[in-house]
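Me: I should like to learn how aromatic rings are read in a structure. Could you guide me through the model shown here?

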Amino acid sequence: MKIEEIYNLAINKGIEADFRGKEGVEKLLKRKKEKYEKLSEKEKEEFDLESFKNPYLDSRILNIAEDKEIKKILVGIDIEPAEILLAKEIGDIDLIISHHPLGKALANLHEVMELQCDVLNQDGVPINIAEGLMKERIEEVARGVNRLNHQRTVDTAKILGFNLICLHTACDNLAAKFLKEKIEKEKFERLEDLMNFLKEIPEYKEALKSGAGPKIFVGVEENRCGKISVAEITGGTEPSPKIYEKIAQAGIGTIVGMHMGEESRKEAETSNLNIVIAGHMSSDSLGVNLFLDELEKKGIEIIPCSGLIRVSRLDRK
Ligand SMILES: [Fe+2]
């Protein structure tokens with residue numbers, strides 16, 4: 001496979017798993033195109049044309065040093081200059097894949113957060129409230145990433161001649177769908193049952209060994225789950241702390257997330273929501289692994305690094 005094929009496969013897999021459905025995503029991409037048509041020539045020059053086909057601008061090709069057949073890849077949750085040097089040390093790495101966004105994809109992280117409006121709406125939060133609270137948070141995230149040194153790792157890859165891509169929401173969608181389907185099928189009664197289920201998923205089982213297994217952030221094991229939401233597994237980063245009161249009012253009893261800040265945790269507690277934090281690196285690994293299995297099927301060799309707990313599901317089917 002070539003780099004572009006790997007990237008397109010990831011985007012397509014992400015769309016297939018998207019909670020908005022394929023039609024919902026296509027509608028969104030069409031809207032982007034219509035918006036573009038209305039722009040002035042000068043504005044068109046600044047427009048990111050990739051957004052016509054990629055609804056996840058936090059997932060991108062960042063550097064093509066040599067457009068060759070990809071046989072061996074180095075994959076990590078966070079790729080920094082240290083990992084690029086690691087690739088050099090290993091020697092025959094054809095492509096480096098980062099999960100967390102870098103370069104232009106990091107600068108665009110906030111763009112994918114719109115996804116959360118629809119997912120919250122599916123959970124019963126009125127769309128006007130979801131949009132209002134998310135708009136505020138999206139602007140905050142956009143300002144937050146603005147100050148970062150986006151290009152640092154990309155520059156290192158360029159200097160050392162490495163192919164580099166990042167796949168963020170495209171992979172997080174796979175983890176979210178995987179968890180949602182299983183949780184809906186099982187119908188857990190208490191948090192204890194939900195925790196036991198999570199601890200059996202290989203990535204979380206492995207994370208437990210290093211002290212990063214699933215944890216109850218709000219609630220106790222005996223609490224009844226009520227309706228479970230996995231809204232926070234995908235969609236860029238954490239929503240506004242103000243959303244928890246609305247989620248509780250919408251009828252959700254328990255949220256399964258990847259990570260949660262203290263302010264959000266307090267808000268969730270006040271709203272009597274149960275919060276189960278599955279784990280950050282482990283949840284990221286789950287989504288990345290589901291995609292990497294597609295590459296393994298094509299004979300690509302995978303070297304995991306930087307927090308990626310590699311689990312192949314190819315032999316489990
Ligand atoms: Fe992450």
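Reply: In this predicted model, ring pairs join Tyr36, Phe47 and Phe52 into a cluster.

Me: How many aromatic pairs does the structure hold?

Reply: The structure holds 4 aromatic pairs. One of them is formed by tyrosine 36 and phenylalanine 52, whose ring centres are 5.1 Å apart with planes at 80 degrees, so this pair is edge-to-face.

Me: Which parts of the chain does the pair link?

Reply: The pair links distant parts of the chain, 16 residues apart. Tyrosine 36 belongs to helix α2 (residues 21-37), while phenylalanine 52 lies in the loop between α3 (41-46) and β1 (60-63).

Me: Does the general description of a ring pair rest on what quantities?

Reply: A pair of aromatic rings is described by the distance of the centres and the angle of the planes. Phenylalanine 188 and phenylalanine 197 offer a further case: with 5.0 Å from centre to centre and 40 degrees between the planes, their pair is tilted.

Me: Why does tyrosine 36 count as buried?

Reply: Buried means under 20% relative accessible area. Tyrosine 36 counts as buried because its relative accessibility is 16%. Phenylalanine 52, at 22%, counts as partly exposed. Phenylalanine 188 is buried at 13% relative accessibility, and phenylalanine 197 is buried at 13%.

Me: Which residue lies over the face of phenylalanine 52?

Reply: Lysine 33 lies there, at 5.3 Å from the ring centre of phenylalanine 52. Lysine 180 lies over the face of phenylalanine 19, at 4.9 Å from the ring centre.

Methods. Residues numbered from 1 in each chain as written. Predicted model: local features only at pLDDT ≥ 70, side-chain atom pairs only at ≥ 80, totals over all residues. Heavy atoms only, no water. Phe/Tyr/Trp six-rings, centres within 6.5 Å; stacked < 30°, edge-to-face > 60°. Helix = DSSP H or I, 4+ residues; strand = E, 2+ residues; numbered from the N terminus. Buried < 20%, exposed > 50% of the residue type's maximum accessible area, 1.4 Å probe, protein only. Lys NZ or Arg CZ within 6 Å of the ring centre and 35° of its normal.
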